[in-house]
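This report introduces a protein–DNA model to a reader who has not seen it before. Please keep the sequence and the three-dimensional view at hand while reading.

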Amino acid sequence: MPELPEVETFARILRLGGRDNPSLVGSKINGELLLWSRTLASPSYPEFHSHILGQTIQDIGRRGKFLLFTLSSDTLIIHLRMSGDLLVETESAPIGKHYRLVLNLQDGLRLAFNDPRKFGRVWLTADPDTVLGDLGPEPLDESFTAQVLYERLHSYRRQLKPLLLDQTFLAGLGNIYSDEALHMAKLHPSTLSHNLTPDQAERLWHNICTVLREGIRRNGASIDWVYRGGDFQNYFRVYRRTGQPCPVCGTPIQRLVIGQRSTHYCPTCQPFL
DNA sequence: CACGAGACCTGTTCGC
DNA sequence: TGCGAACAGGTCTCGT
């Protein structure tokens, strides 16, 4: 479900409070309940149980699509994958049908990881790099420049769409934001990466940054039955708009499948050259 | 190296 | 109404 802007929104709400949620920074973890064993990627459950007990949440952040909870001595890492959601609620609330992990906090609160499709994963580690080590650049970091993108594009000979989805190439883009960025940059999703000119790479870089900032400003996108208050879904230019007019030229948006993923684009604005 | 298929999962929507 | 197919914001592994 979530991509960089949605995960960033989660991190901010959990860190700063808001939307009826208190900040979780400073909260102590008093216990946990694991309801689907595969949700815990590492370590083993007994080790997870004994290590997490009594640790305090010191900060909450994000790297790519990973949520990072800095604890007293370890880092709790959560990836929401397709259907994951996080809920802050009181301990007396009923355990939801799709809850996979529940952390009991101080003050009668708890953090619940709800995940119908069970793809989400949780890690507890003293060394976050063991989980995050292969991630590519952080797109909104100032060190990620148009020149860096150009060089990385030319170090592969791959179609742009699957390359942008590759988290070792760039961390945080998913199906929505890659389709939107390619449309804004007027690049066909099948274009081969090493064929981009410096000018086209600069355009792609600019629009990746722009669309991610727009997503964050709108608190992410909320589609299907998962609603978290973001409204970027109302501003999609191409994503899931097959047959509807391109906002730039009016041509019906087309859908094709690249790398097993739905891809939406405007055949007029994004011609395949 | 680049790509496609299959796996992991449940729920919703679409077409007949 | 019912029922199977297609589809869903992600990522891993395997085979060619």
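The sections below treat the DNA surface, the sheets, an enclosed helix and three individual residues.

## The surface around DNA strand B

The model is a predicted one. In it, 14 residues surround DNA strand B, and the closest are His98, Pro116, Arg117, Lys118 and Arg157. Of the atoms of DNA strand B that come within 4 Å of the protein, 69% belong to sugar and phosphate. By residue class, the surface near this strand divides into six charged, four polar and four nonpolar residues.

Three polar contacts with DNA strand B are set out in the table.

| Residue | Protein atom | Atom of DNA strand B | Distance |
|---|---|---|---|
| Arg38 | polar side-chain atom | phosphate oxygen | 3.0 Å |
| Pro116 | backbone N or O atom | sugar or linking oxygen | 3.3 Å |
| Arg157 | polar backbone atom | phosphate oxygen | 2.7 Å |

Arg38 thus reaches a phosphate oxygen with its side chain, whereas Arg157 does so with its backbone.

## A four-stranded open sheet

Strands of a sheet pair through backbone hydrogen bonds, in either a parallel or an antiparallel manner. One open sheet in this model consists of four strands in the order S1-S7-S8-S6, with antiparallel pairing. Its edges are strand S1 (29–34) and strand S6 (85–90); each has a single partner strand, so one side of each is left without a neighbour in the sheet. From one strand to the next, the twist averages 20 degrees.

At the S6 edge, six bridges join S6 to strand S8 (residues 109–114), and the two run antiparallel. Within this pairing, Val88 has Leu111 in S8 as its bridge partner. Helix H2 (residues 45–52) lies across S1 and strand S7 (99–105), and the helix runs at about 160 degrees to S1.

## Strand S5 and its two partners

Strand S5 (residues 75–79) is mostly covered, since five of its five residues are buried. Thr75, Ile77 and His79 point one way from the strand, while Leu76 and Ile78 point the other way; all are buried.

S5 is paired with strand S4 (residues 66–71) in the antiparallel sense over five bridges. A hairpin of three residues joins S4 to S5. S5 is also joined by five bridges to strand S9 (residues 121–125), again in an antiparallel arrangement. Ile77 has a place in both pairings: Leu68 stands opposite it in one, and Trp123 in S9 stands opposite it in the other.

## Helix H6

How many residues of helix H6 are buried? In this helix (residues 175–184), 10 of the 10 residues are buried, so it is largely enclosed by the rest of the structure. Among them are Asn175, Tyr177, Asp179, Glu180 and His183. The buried residues of H6 pack against three helices, H1 (4–16), H5 (160–165) and H7 (198–217), and against strand S11 (261–265). Just after H6, Lys186 takes a positive phi of about 55 degrees.

## Three buried residues

Ile60 belongs to strand S3 (residues 57–63). Its relative accessible area is 0%, and therefore it counts as buried. Leaving aside neighbours within four places in sequence, Ile60 is in contact with Ala11, Leu14, Arg15, Leu24, Val25, Leu68 and Phe69. One of these contacts, Arg15, is 45 residues away in sequence, yet the two C-alpha atoms are 5.4 Å apart in space.

Thr9 has its place in helix H1. With a relative accessibility of 8%, Thr9 is buried. A polar atom of its side chain lies 2.7 Å from the backbone oxygen of Pro5. Not counting residues up to four places away in sequence, Thr9 touches Arg19, Asn219 and Gly220.

Is Pro43 buried or exposed? Its relative accessibility is 17%, and a residue counts as buried under 20%, so Pro43 is buried. Pro43 is found in the loop between strand S2 (40–42) and H2. Beyond residues up to four places away in sequence, Pro43 touches Phe48 and Leu124. Phe113 lies 70 residues from Pro43 along the chain, and their C-alpha atoms are separated by 17 Å.

Terms used: Residues are numbered from 1 along each chain as its sequence is written. Chains are lettered from A and ligands numbered from 1 in the order in which they are written. This is a predicted model: local features need pLDDT of at least 70, side-chain atom pairs count only at pLDDT 80 or more; totals for chains, interfaces and linings use all residues. Side-chain values use heavy atoms; hydrogens and water are left out. Buried means under 20% relative accessible area, exposed over 50%, partly exposed in between (1.4 Å probe, protein chains only). Contact means heavy atoms within 4.5 Å. A residue is near a molecule or strand if one of its heavy atoms lies within 4 Å of it. A polar contact is a pair of N or O atoms within 3.5 Å; within protein, one must be able to donate a hydrogen and the other to accept it, and residues adjacent in sequence count only if both atoms are side-chain atoms. Ala, Val, Leu, Ile, Met, Phe, Trp, Tyr, Cys and Pro count as nonpolar, Asp, Glu, Lys and Arg as charged, and the others, Gly among them, as polar. Two strands pair if DSSP finds at least two bridges between them. Axes are lines fitted to C-alpha atoms, for helices over the stretch in contact, and angles run from 0 to 180 degrees between N-to-C directions.
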